[in-house]
There are 2 protein chains.
Amino acid sequence: MSDHRERLKLAGYKLTKARLAVLQVIEHADGHVTSADVLDGVALVDPAVGRASVFRTLDLLTRLSIVRPTYIGTSATPYYVLLPGGHHHHIICTVCSRVIEFAECGLENIAILLEERLKVKLTGHLLEFYGQCADCQDKIAVNNED
Amino acid sequence: MSDHRERLKLAGYKLTKARLAVLQVIEHADGHVTSADVLDGVALVDPAVGRASVFRTLDLLTRLSIVRPTYIGTSATPYYVLLPGGHHHHIICTVCSRVIEFAECGLENIAILLEERLKVKLTGHLLEFYGQCADCQDKIAVNNED
DNA sequence: TTTAAATTGATACATAGTCTCATTCAGAGT
DNA sequence: ACTCTGAATGAGACTATGTATCAATTTAAA
């Protein structure tokens, strides 16, 4: 947890109140948070922190692969997911927008392969599957029965 | 290509001018397009198509896993990527926002495993790696030399 | 051709995110 | 502890992205 703070420091960024507040909010909200959620949370944790700084921090955390914005449902605003250990994996139901997380990915080998071949340095990844969850398949099946 | 049109039909959606225009624009713009790009493109292809329909169609294509919005760089607006064959894979440089695409993913096995275990029906996926491209690693190395 | 439901375009609107700039603050050096 | 400097901030006006409404049109099936 507090190693996120470590990462900021190591990368040469100051541990300001604004950044600490945003980190605290995101870490405590396990799962997927919108910028609005973060704004609300920060307003409680430290009301002195301004709007712009929240957005600036979300950008920064994204650049450091601590967090990753992703598009869920029809919402126009991104959801930010923590990338603990640099990665995250989930399934998004394209009907009801439910998010189902899962652990395994077995992508280490591909990562190493890509690093060698493309001379890139990889710090994280996100794997998203799209489809229909069990409930939504049932609904569709029922609808098609008439 | 025109099997996207097929997919719309099969899913019970009408092939309207607005939808055809959006599809045409996205298919011809190989790579990553913002909604602004699509709006501009559609204005050329069929000026009668309205703003709202473009957004509605982007939503629809997302729900059908024909396209997937993803956040690149600090841009607040998503880039839409085609998911040909239902999937897409790329590396995003967190420094310069360059996007490097790659082909392999070897995720079929995981997909099958997840479908069985979670009773979901998967129609597509997106795999994103984050890190620094070759050029940006060089720049950082140079900066640290003084 | 007729018809009904789906879809649309226009436009006004809401909201998310950005920019600017004077002020403050974190943290390194002493 | 004190000072100093550039990094970071907050306020708030501003821009632009996406949404809602609704009468009018269009698709496609009968």
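**Exercise 1. Determine which residues of the protein surround DNA strand C, and how they reach the strand.**

Step 1. In this predicted model, 24 residues surround DNA strand C, the closest being A:Ser35, A:Arg51, B:Thr16, B:Ser53 and B:Arg56, where a residue is near a strand if one of its heavy atoms lies within 4 Å of it. Of the atoms of DNA strand C that come within 4 Å of the protein, sugar and phosphate account for 66%.

Step 2. A polar side-chain atom of A:Ser35 lies 2.4 Å from a phosphate oxygen of DNA strand C, and for B:Ser53 a polar side-chain atom likewise lies 2.4 Å from a phosphate oxygen of that strand. B:Lys14 approaches with a backbone N or O atom, 3.4 Å from a phosphate oxygen.

Step 3. The elements that give two or more residues to this surface are helix 4 (51–63) of chain A together with helix 2 (17–28) and helix 4 (51–63) of chain B, with helices taken as DSSP runs (H or I, at least four residues) and strands likewise (E, at least two), numbered from the N terminus. The largest share, 4 residues, comes from helix 4 of chain A.

**Exercise 2. Describe the contact between chain A and chain B.**

Step 1. The contact, meaning heavy atoms within 4.5 Å, takes 44 residues from chain A and 43 residues from chain B. The two chains bury about 3,700 Å² between them, 60% of it on carbon and sulfur atoms; buried area is the accessible area (1.4 Å probe) that two parts lose on being put together, summed over both. In chain A, A:Tyr71, A:Phe129 and A:Tyr130 lose the most area to chain B, together 20% of what that side buries.

Step 2. There are 2 salt bridges between the chains, each a side-chain nitrogen of Lys or Arg within 4 Å of a carboxyl oxygen of Asp or Glu. In one salt bridge the side chains of A:Arg68 and B:Glu128 meet (3.2 Å, N to O). Strand 6 of chain A supplies the largest share of the side of chain A that touches chain B, 12 residues.

**Exercise 3. Establish how the two copies are related.**

Step 1. Chain A can be laid on chain B with an RMSD of 0.1 Å by a turn of 180 degrees and a shift of 0.0 Å along the axis, the superposition being by least squares on the C-alpha atoms of residues with pLDDT of at least 70 in both. The two copies are thus related as by a two-fold rotation axis. In chain A, the C-alpha nearest the axis belongs to A:Leu127, 2.3 Å from it.

Step 2. Because 95% of the interface residues of chain A are also interface residues in chain B, the copies meet through the same surface.

**Conventions.** Residues are numbered from 1 along each chain as its sequence is written, and chains are lettered from A and ligands numbered from 1 in the order in which they are written. Local features need pLDDT of at least 70 and side-chain atom pairs count only at pLDDT 80 or more, while totals for chains, interfaces and linings use all residues, and side-chain values use heavy atoms, with hydrogens and water left out.

Note on methods. A polar contact is a pair of N or O atoms within 3.5 Å; within protein, one must be able to donate a hydrogen and the other to accept it, and residues adjacent in sequence count only if both atoms are side-chain atoms.
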